[in-house]
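Visitor: I would like to learn how to read a model like this one. Could you take me through it feature by feature?

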Amino acid sequence: MIAVHFGAGNIGRGFIGKILAESDYEMTFVDVNAEIIDGINEHKMYQVFYAEEDRRSFTVSNIRGLHSQHQEEEVVQAIAQADLLTTAVGAHILPHIAPLIAKGLKKRLVENNHPLNVIACENAIGGTDQLKQAVLKHLDPVEVNDLNRLIGFPNAAVDRIVPNQNQENILDVLVEPFFEWVVDKRAVKGTIPPVEDIHFVEDLDAFIERKLFTVNTGHALAAYSGYQAGKPTVQESLLDPVIKEKVLQGLKETGQLLCEKHGFDPIQHQGYIEKILERFTNPYLTDEVTRVARQPIKKLGLNERLISPVKQLMTRKIVPYGLLTGIVAALQYDFSEDAEAVELQKKIKQHGVKVALSEVSGLAEDDEIIDQVFALYSETV
Ligand SMILES: NC(=O)C1=CN([C@@H]2O[C@H](COP(=O)(O)OP(=O)(O)OC[C@H]3O[C@@H](n4cnc5c(N)ncnc54)[C@H](O)[C@@H]3O)[C@@H](O)[C@H]2O)C=CC1
Ligand SMILES: O=P(O)(O)OC[C@H]1O[C@](O)(CO)[C@@H](O)[C@@H]1O
């Protein structure tokens with residue numbers, strides 16, 4: 001079995017690549033990073049280490065690398081023959097890889113009648129749908145018809161904390177032991193050759209919101225508050241009782257939404273929150289606040305981890321002050337090495353908080369959320 005995977009970064013190598021290789025897939029990694037691709041082709045293997053006392057290690061082999069810009073023809077050929085296509089590049093990159101994926105799928109639709117599934121493993125609601133929409137722009141009506149018949153685009157939720165790496169060998173990856181890969185069973189075309197650790201579900205929406213509004217919301221709150229308090233890592237941020245309380249408050253609010261909306265049991269959900277806080281404070285990981293806080297413009301999007309739960313709670317007439325305070329902290333994230341943080345600060349300086357938040361979140365300027373955030377923001381300056 002052959003898997004083509006776009007994005008040989010932390011999640012690509014430390015999560016998706018490891019799982020697929022363990023299920024006997026031959027992995028073709030596609031990336032723009034020549035150093036990583038050359039390394040993969042030179043060594044043909046790498047190690048995944050678990051961040052735990054025993055530091056278990058796993059060898060990932062049967063891999064090759066293709067450069068997405070310099071080896072287009074090879075990538076197209078690989079897609080035409082693949083049994084599974086996955087991505088972990090960042091949701092904002094999906095439109096950039098869509099033209100090449102479309103080329104590969106066009107060739108495949110002519111040469112190969114076997115169904116194929118494409119799964120975007122990104123932190124986003126409907127990540128695979130976004131990729132499909134971007135791919136469709138490059139196909140003619142006949143190809144669209146064939147694609148809808150033969151190519152499945154199931155959405156997915158992926159959960160594993162993989163921090164910035166500092167390994168001696170650039171291919172090796174240190175990851176937390178926990179992982180969860182959940183895929184929408186309803187959108188699969190044909191069958192995906194067995195992958196032991198994929199969990200197929202009929203109700204992905206509930207899984208994805210539970211994950212995004214707990215793991216990612218909690219992480220974002222810890223990172224933005226931690227940055228404000230001058231903490232270098234998420235681990236150190238959560239040792240501060242004031243920051244921990246802010247995270248717990250936000251997760252209490254998203255927990256209320258998740259239990260009401262999806263029927264999760266409140267006691268079990270509390271257990272889920274506690275497990276996640278344990279994962280955030282894993283002493284064998286060093287997770288910089290600037291990684292988890294990265295791309296504040298993306299994180300302040302309408303369907304993202306902060307604005308979406310606030311919007312849904314406000315519709316239910318609940319004002320979630322913990323989350324609103326988190327949005328203020330995100331708006332104040334001014335790390336000079338993060339291009340989106342710089343752009344956001346520029347917008348705020350030029351147009352003020354209300355316009356800036358409206359622009360990045362897609363909320364109307366007179367939305368109640370913007371008024372609430374503005375009031376809290378004004379108290380801090
Ligand atoms: N790191 C984590 O703990 C988690 C990350 N995610 C999601 O996984 C995705 C990837 O995140 P990471 O692996 O952390 O990022 P990363 O930055 O380590 O990896 C992304 C990879 O994509 C490559 N890439 C960028 N543009 C490309 C292009 N045009 N063509 C091919 N490759 C390209 C980069 O060179 C890089 O190797 C994101 O959507 C993130 O939200 C999800 C769960 C956890
Ligand atoms: O910032 P992104 O693109 O969501 O990816 C990094 C994410 O990985 C996580 O550490 C674990 O899923 C998130 O909490 C964090 O936000």
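Guide: We will go through domains, ligands, helices and a few single residues in turn.

Guide: First, some ground rules: this is a predicted model, in which local features need pLDDT of at least 70 and side-chain atom pairs count only at pLDDT 80 or more, while totals for chains, interfaces and linings use all residues. Residues are numbered from 1 along each chain as its sequence is written, and chains are lettered from A and ligands numbered from 1 in the order in which they are written.

Visitor: Which domains does the protein chain have?

Guide: Domain bounds come from an automatic or database domain assignment. Here the assignment gives domain 1 (2-202) and domain 2 (205-380). Their C-alpha centres lie 28 Å apart. The contact between them takes 14 residues from domain 1 and 16 residues from domain 2, where two residues are in contact if their C-beta atoms, placed from the backbone, lie within 7 Å. On the side of domain 1 that touches domain 2 there are 8 nonpolar, 3 polar and 3 charged residues. In this scheme Ala, Val, Leu, Ile, Met, Phe, Trp, Tyr, Cys and Pro count as nonpolar, Asp, Glu, Lys and Arg as charged, and the others, Gly among them, as polar.

Visitor: Where does ligand 2 lie with respect to domain 1 and domain 2?

Guide: Start from the shell: a residue is near a molecule if its C-beta atom, placed from the backbone, lies within 6 Å of it. Domain 1 and domain 2 both give residues to the shell around ligand 2, so ligand 2 lies between them. Among the shell residues are Gly90, Asn123, Asp159, His219 and Arg294. By class, this shell has 3 nonpolar, 5 polar and 2 charged residues. Helix α7 gives the most, with 3 residues; helices (H or I, at least four residues) and strands (E, at least two) are DSSP runs, numbered from the N terminus.

Visitor: And which residues come nearest to ligand 1?

Guide: Of the 26 residues around ligand 1, the nearest are Gly7, Gly9, Ile11, Glu122 and Asn123. The classes here are 14 nonpolar, 9 polar and 3 charged. At least two residues each come from α1 (10-22), β2 (26-31) and α4 (94-111), with α1 giving the largest share, 3 residues. Asn123 is also listed around ligand 2.

Visitor: How do I check the length of helix α7?

Guide: The expected span of a helix is 1.5 Å times one less than its number of residues. For the 25 residues of α7 (residues 204-228) that gives 36 Å, and the end C-alpha atoms are 34 Å apart, which agrees. The helix bends by about 25° at threonine 217, the bend being the angle between axes fitted to the seven residues ending there and the seven starting there. After α7 comes glycine 230, with a positive phi near 80°.

Visitor: Why is α7 described as largely enclosed?

Guide: A residue is buried if 20 or more other C-beta atoms lie within 10 Å of its own, exposed if 12 or fewer, and partly exposed in between, with C-beta atoms placed from the backbone. In α7, 22 of the 25 residues are buried, so the rest of the structure largely encloses this helix. Helix α14 (residues 321-331) is also largely enclosed, because 9 of its 11 residues are buried. The cover over the buried residues of α14 includes α7, α9 (241-262) and α15 (339-361).

Visitor: Is valine 173 buried or exposed?

Guide: Valine 173, in strand β10 (residues 173-175), counts as buried because it has 25 C-beta neighbours inside 10 Å. Its contacts beyond four places in sequence include Asn10, Arg13, Val48 and Val162. Glutamate 196 sits in the loop between β11 (180-184) and β12 (198-201) and counts as exposed, with 9 such neighbours inside 10 Å. Beyond four places in sequence, glutamate 196 is in contact with Glu22 and Ser23. The C-alpha atoms of glutamate 196 and glutamate 22 are separated by 8.2 Å, although these residues are 174 residues apart along the chain.

Visitor: Which residue in the loop between α11 (289-292) and α12 should I look at?

Guide: Look at glutamine 295, which lies in that loop. Glutamine 295 has a positive phi of about 55° although it is not a glycine. With 18 C-beta neighbours inside 10 Å, glutamine 295 counts as partly exposed.
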